[in-house]
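Me: I should like to understand the reasoning behind some descriptions of a structure that is new to me. Please set each value against its criterion.

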Amino acid sequence: MGNPKVVDDPAMGNTKESGGDLLGEMSNREQNLIDHGMEKFSRLGWKRLAIVLIVEAIALGSLSIPSTYAKLGMVAGVLCTVGLGFIAIYTSYVIGQVKLRYPEVSNYADAGRLMWGRVGYEVVTVMLFLLLTFLTASHCLTGTIAFQVITESKICGVVFGVVSAIILLALAVPPSFTEMAVLGYIDFASILLAIGACIITSGVETHGGHNIAWSAWPEEGVTFTSAFIAITNIIFAYSFALCQFSFMDEMHTPRDFVKSIWVLGLSEITIYTITGAVLYAFIGPGIKSPAILSISETMSRVAFGLALPVVFISGSINTVVAGRLVHGRIFKNSTIRYVNSPAGWATWLGVITVVTILAFIIAEVIPFFDDLLSIISALFVSGFTFYFPAIMWFMLVREGSWKSPKNLALGALNAVILCIGLLVLVAGTYTSVQDIRANYRKGTVASPFDCGFRG
């Protein structure tokens, strides 16, 4: 009879046969596929959710933060890191509240449908897919830089880009976030070791030497473009909200999400602030992005070697979310969506391969680290982390009278967050495009698909 048509029953959290009372006609094999699929995608607890969020969120973007401190100064750098971090925790809480109230929401695009109907669904779907693909591209680019530094070879950079893309694709094969969480422990240890190696090395190399001219205030002559790009790089580091609906959709106890976002949020704020402040203090205004490039060649190779797991594991998470978005939509009414049959695996591999190829092309077209992070933050993170959650509070979460002190306070807070998001969208996009054009005019960066060094 071919693949059965199945639809979600949001109230019960399970599936049933569409087209009348056809459950009795379903073969044992088809029923087993559905039962196994539902079980596979409902095993995530809050601890593993925290690990998956950490894997998706804390990557080498954290090592772009010290260079932002060099532009903004220590005071503004710390304030932006801590302030934006707590805003990200709050907006993630709003997203979680939407998921609890509307269990049928399985990804960010479904939330777009709740707010603006079919148009909202389609627009948010495109934005989410592009953001996830751009994030995978940033990891592909970072992997290329890492291999170039580690090997010190004259092999064309495009070759290392291809190798990075293949590794990202291989790690994205498991479709379940519970399975990906197992790699999360390796990922978290990897970034901590890489950051630790950078901090220790920079401290040893500057000990007893010259005075490092770090400053509490913005660097002299800083332009609006460079300052805003610095801020968007910090915003990039808090981009975990985009995957939260997808991750919570696999939780067996969704209400526990609050524990996960506090663990992640406080971990991020601590790691980012210490990394940014200490490395900037040790290395000074000449610090590069990522910061690993600012220490000695030998230790830079060691640090990048330690960072390879986080580069590829964190990057592959974005590929999985993008794949689930596309695959789940194409095969929404078929057992193929459970990826536990030959047809399911074949189509899944096809989808993630396309996502990876697109990410590789983006990484080669924008082959410089800071500007790629900046354009991602401006176009996409501004929405998924700031103005979309603020709008969700107004449209989907708010309860009771506007006159209540709670709603007045939260209304003012969400209005501020909405304005921050829109400012980042407009000003961030403008400054990113201007900086990319300036870099190409000066010839200070590699050209698309060039064999030279990235970064």
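**Helix packing and local geometry**

Reply: The crossing of α4 and α10 is right-handed. This statement, like those that follow, concerns a predicted model.

Me: What makes α4 and α10 parallel or antiparallel to each other?

Reply: Their axes cross at roughly 165° and come within 10 Å. Angles over 145 degrees count as roughly antiparallel, and α4 and α10 are therefore described in that way.

Me: Which residues make the contact between α4 and α10?

Reply: From α4 the contact includes M74, V78, T81, V82, G85 and F86. From α10 it includes F257, V258, I261, W262, G265 and L266. By class, this contact has 17 nonpolar, seven polar and no charged residues.

Me: Why is α3 called oblique to α4?

Reply: The axes of α3 (residues 65-72) and α4 (residues 74-101) cross at roughly 130° and come within 7 Å. An angle over 145 degrees would count as roughly antiparallel, and 65 to 115 as roughly perpendicular, with the rest oblique. The crossing angle of roughly 130° therefore makes α3 oblique to α4. In handedness, α3 passes α4 in a right-handed crossing. On the α3 side the contact is made by I65, Y69 and L72, and on the α4 side by M74, A76, G77, V78 and T81. Six nonpolar, two polar and no charged residues make up this contact by class.

Me: What makes α6 and α11 oblique to each other?

Reply: Helix α6 (residues 157-171) packs on α11 at an angle of about 60°, and their axes are 8 Å apart. Roughly parallel requires an angle under 35 degrees, and roughly perpendicular requires 65 to 115. The angle of about 60° belongs to neither class, and the pair is therefore oblique. The crossing of α6 past α11 is right-handed. S164, I167, L168 and L171 of α6 meet V311, F312, I313, G315 and S316 of α11. The classes here are six nonpolar, three polar and no charged residues.

Me: How do you know that the span of α11 agrees with its number of residues?

Reply: Helix α11 (residues 297-330) has 34 residues, which at 1.5 Å a residue should span 50 Å. Its end C-alpha atoms are 47 Å apart, and this agrees with the expected span.

Me: Where does α11 have a kink?

Reply: The kink lies at A307, shortly before the proline P309, and is about 45°.

Me: How do you know whether the peptide bond from S289 to P290 is cis or trans?

Reply: Its omega is near -5°, and the bond is cis. P290 is found in the loop between α10 (257-283) and α11.

Me: What is the phi of E152, and where is this residue placed?

Reply: E152 is not a glycine, yet it has a positive phi of about 50°. Its place is in the loop between α5 (108-151) and α6.

Technical notes: Residues numbered from 1 in each chain as written. Predicted model: local features only at pLDDT ≥ 70, side-chain atom pairs only at ≥ 80, totals over all residues. Heavy atoms only, no water. Axes fitted to C-alpha atoms, helices over the stretch in contact; angles between N-to-C directions. Helix = DSSP H or I, 4+ residues; strand = E, 2+ residues; numbered from the N terminus. Left-handed = near helix turned anticlockwise from the far one by under 90°. Contact = heavy atoms within 4.5 Å. Nonpolar A, V, L, I, M, F, W, Y, C, P; charged D, E, K, R; others polar. Expected span 1.5 Å × (residues − 1). Bend = angle between axes of the 7 residues up to and from the residue.
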